[in-house]
Amino acid sequence: MNVIFLAAGKSSRIYKVLRKPKCLLDFKGISLIEKLIKNFSFSKKIKLNIVVGFKSSMIKNKLKRYKNINFIFNKDYNKKEMLYSMILALKKINDNAIISYSDIWYDKSICKILIKKKNNIYLPILSNWKKIWKVRKKNMYQDAENLQVDKKLNLKKIGQKIKILKKVEYQYMGLIFIPKSKIKKIINVYESIENKEKMHLTKFLDKILNFGMKIKCIKYKKDWYEFDDIDDYKNYIKN
């Protein structure tokens with residue numbers, strides 16, 4: 001099992017204040033990326049990968065005591081979105097993979113669930129998201145996205161702007177399980193899309209559905225938080 005942390009982005013809103021990428025936000029002496037790594041320390045079978053780009057040397061230096069991390073450099077971090085980092089990493093592995101954003105925090109219980117998955121693409125979805133958005137003090141219509149599932153928790157739609165708030169029960173968490181058997185098809189879908197350089201990952205997940213691939217969802221309501229800007233960080237510390 002490979003875990004792939006996506007940490008190549010510029011983190012501009014936080015970097016201009018704290019002079020560090022989002023994944024290096026400090027929590028009582030430990031960085032966010034280290035907290036995420038510890039979430040997966042329960043299994044020695046897990047291989048850790050981090051896609052870096054912006055301030056890659058700063059991230060590598062922070063993690064130099066971790067000897068088992070494979071760093072993947074995204075030279076196009078300034079021109080392409082996080083989706084490209086994911087595809088770049090998938091091209092370099094040949095195993096089941098858990099994709100994780102590096103500017104989020106979540107409880108390790110979801111990691112233990114994902115590591116047991118095998119044949120399908122799985123997407124953890126946040127059910128208590130409105131409560132968390134209130135802590136973040138975000139406008140739900142502007143900051144959140146539409147996410148719809150059917151009765152069997154198959155993903156139906158994701159990545160659009162919310163029109164009717166009460167119809168959106170869940171939110172995307174920045175975590176995806178991709179089995180080895182689906183990697184090649186996912187890469188092929190990506191390669192077939194025109195003007196994909198600025199495509200967001202949630203829009204790509206919606207594209208996958210259009211290509212006939214199924215995405216199973218997993219309800220989750222434990223600890224989760226996203227650090228999109230400095231206010232997210234301050235509000236998290238307060239709570």
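1. Before we get to helix α8: a residue counts as buried when its relative accessible area is under 20%, and as exposed when that figure is over 50%. Keep in mind, too, that this is a predicted model.

2. With that cut-off in hand, have a look at α8, which spans residues 180–192. Its buried residues are Ile183, Ile186, Ile187, Val189 and Tyr190. Looking down the helix axis, you'll find these buried residues within an arc of 160 degrees, so they line one face of α8. The spacing has a simple background: an α-helix has 3.6 residues a turn, so residues three or four places apart point the same way. Flip to the other side of α8 and you meet Ser181 and Lys184, both exposed.

3. What covers the buried residues of α8? Among the elements doing so are helices α4 and α9, plus strands β8 (121–126) and β12 (175–178).

4. Helix α4 (residues 82–90) deserves its own point, since it gives the largest nonpolar core its largest share, seven residues. That core has 92 residues in total, and Met86, Leu90 and Tyr106 have the most contacts inside it. If you click on Met86 and ignore its neighbours within four places in sequence, its contacts are Leu6, Ile99, Ile176, Ile178, Ile186, Leu201 and Phe204. Note that Ile186 from this list is also one of the buried residues in α8.

5. On to the aromatics: there are 16 aromatic pairs in the whole structure. One of them is Tyr101 with Tyr172, an edge-to-face pair at 5.6 Å centre to centre and 80 degrees between the planes. Tyr101 sits in strand β6 (residues 97–101) and Tyr172 in strand β11 (residues 171–172), so this pair ties together parts that are 71 residues apart in sequence. Tyr101 has 12% relative accessibility, so it counts as buried; Tyr172, at 11%, counts as buried as well.

6. Another pair brings us back to α8. The ring centres of Tyr190 and Phe204 are 6.1 Å apart and the planes are at 75 degrees, so this pair is edge-to-face. Tyr190 belongs to α8 and Phe204 to helix α9 (residues 201–210), so the pair ties together parts 14 residues apart in sequence. Tyr190 and Phe204 are both buried.

7. Two more ring features for your list. Ring pairs join Phe27, Tyr225, Phe227, Tyr233 and Tyr236 into a cluster. There are also lysines over ring faces: Lys35 lies over Trp105, at 4.2 Å from the ring centre, and Lys117 lies over Tyr122, at 4.7 Å from the ring centre.

Notes: Residues numbered from 1 in each chain as written. Predicted model: local features only at pLDDT ≥ 70, side-chain atom pairs only at ≥ 80, totals over all residues. Heavy atoms only, no water. Core = buried A, V, L, I, M, F, W, Y, C linked by side-chain atoms within 4.5 Å. Buried < 20%, exposed > 50% of the residue type's maximum accessible area, 1.4 Å probe, protein only. Helix = DSSP H or I, 4+ residues; strand = E, 2+ residues; numbered from the N terminus. Contact = heavy atoms within 4.5 Å. Phe/Tyr/Trp six-rings, centres within 6.5 Å; stacked < 30°, edge-to-face > 60°. Lys NZ or Arg CZ within 6 Å of the ring centre and 35° of its normal. Arc of directions from axis to C-beta.
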